[in-house]
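Student: I am new to this structure and would like a close look at a single part. Please pick one helix, tell me what surrounds it, and then lead me outward from there.

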Amino acid sequence: LGVFAVSCVGMSLMSKYGLGGELAAVLGAHNPETCADTCCIPPAGGDYFERAAAIKAAREKRKQLNQASPIPTSLPDSTRKNMQQGGTKTSDQKSSGKTPNNKKSGNAKKKSAQSTNISANSADSASVETKERTENRSLSESGEVLPEMIVFDLDNTVWTPELYELYKRPVAYKDIDMFPAALNALKELATDKKWEGVRIGLASRTGEVQWAHRLLKEFKVTESQMIQDVIDFKQIYPGSKLKHFKHLHEDSKIDYSKMIFFDDDTWNTREVSKLGVLCVYCPYGMSEEIWKLGISEYSNRRSKGDFEGATVGGSKYYDD
């Protein structure tokens, strides 16, 4: 009885104060709002020791997959060279805009007012044009139905290992690396005209928010673009991903049914799919098969008039 009482108190305190990870998996605490690992999904029968063992097994397989190709061959040549030398230079991409030159006028105030009106009208026209382009792009030249937004998780989806497993700020290509398929997907979205008008979003509940933002500036997608340069919307902070997607929806004005979400955690996919999002479960990170599956499933379902949320994917889409 004494052991049982101590166990109950421990579980209650851990749930209250949000202690997650492997310790929670072993002791039996369940707090999906703050847990940084997949242990927040209670298995049938409530055997948390079994769940902890499953997490450990998944990590071991993930390490084996990563060790098979320590330096992704799909990276740009210059990036691979930097990796072989022990790191890569970081750079912040700064955008610059040109200010249109207005003709000189004796009446500055009048010209200023006219310029303001023209700018407003131009902005409205640009907004309409962007909307029309996005709508037109929802159907590719091959007849494939495309989403309006593709959202990626970060830890164990875009890169590995997970940030909470590290004890100091990670350096890109040294302490942490991108999955080759994640790099290829982002590069395709950034450079292929097929995806013009389709937005890219991030939804991560990592507790190491500053580390994540820094890595977005360090990982290259193309020779001239880092991850942060190709992302349209970012939601990176702890908590339920229902909140992340609420903000993504509000900021982009894109309906949930026109989104695809790639994530390695079934708790997240289960929650988000209820909003109407097509979720793709990638337990060992992004792979070429998982990427193709998500795009084809979205096109097939939407072309048939199926706009319900769902989760597809799983471990069977990985090579042994």
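Tutor: The buried residues of helix α6 are covered by several elements, including β1 (149-152), β3 (177-178), β4 (199-204), α8 (227-230) and α11 (288-303). Covering here rests on contact, which means heavy atoms within 4.5 Å. Helices (H or I, at least four residues) and strands (E, at least two) are DSSP runs, numbered from the N terminus. Please keep in mind that this is a predicted model, in which local features need pLDDT of at least 70 and side-chain atom pairs count only at pLDDT 80 or more, while totals for chains, interfaces and linings use all residues. Residues are numbered from 1 along each chain as its sequence is written, and side-chain values use heavy atoms, with hydrogens and water left out.

The residues of α6 that are buried are A181, A182, L183, A185, L186 and L189. Buried stands for under 20% relative accessible area, exposed for over 50%, and partly exposed for what lies in between (1.4 Å probe, protein chains only). An α-helix has 3.6 residues a turn, so residues three or four places apart point the same way. Helix α6 runs over residues 180-191, 12 residues in total, and from its first C-alpha to its last it reaches 16 Å. That is close to the 16 Å expected at 1.5 Å a residue, the expected span being 1.5 Å times one less than the number of residues.

Now step outward to β1, one of the elements covering α6. In the loop between β1 and β2 (159-160) you will find L154, which is buried at a relative accessible area of 1%. Leaving aside residues up to four places away in sequence, L154 touches W159, L202, S204, A212, L216 and I236. Its C-alpha is 8.0 Å from that of D263, although L154 and D263 are 109 residues apart along the chain.

The loop between β2 and β3 has two details of its own. P161 belongs to this loop, and the peptide bond from T160 to P161 is cis, with omega near 0°. Y173 is found in the loop between β2 and β3 too, and its phi is near 70°, a positive value in a residue other than glycine. Y173 counts as buried because its relative accessible area is 9%. K253 has a positive phi as well, near 65°, and sits in the loop between α9 and β6 (259-263). With a relative accessible area of 70%, K253 is exposed.

For α11, which also helps cover α6, a good guide is L278 in strand β7 (residues 278-281). L278 has 0% relative accessibility and is therefore buried. Its C-alpha and that of Y298 are separated by 6.9 Å, with their positions 20 residues apart along the chain. Besides Y298, L278 touches M259, I260, F261, G294, E297, R301, R302, A310 and V312, again not counting residues up to four places away in sequence.

Finally, here is the chain as a whole. There are 11 helices and eight strands, and buried residues make up 42% of the 320 residues. Among contacts between residues at least 6 apart in sequence, 65% join residues at least 24 apart.
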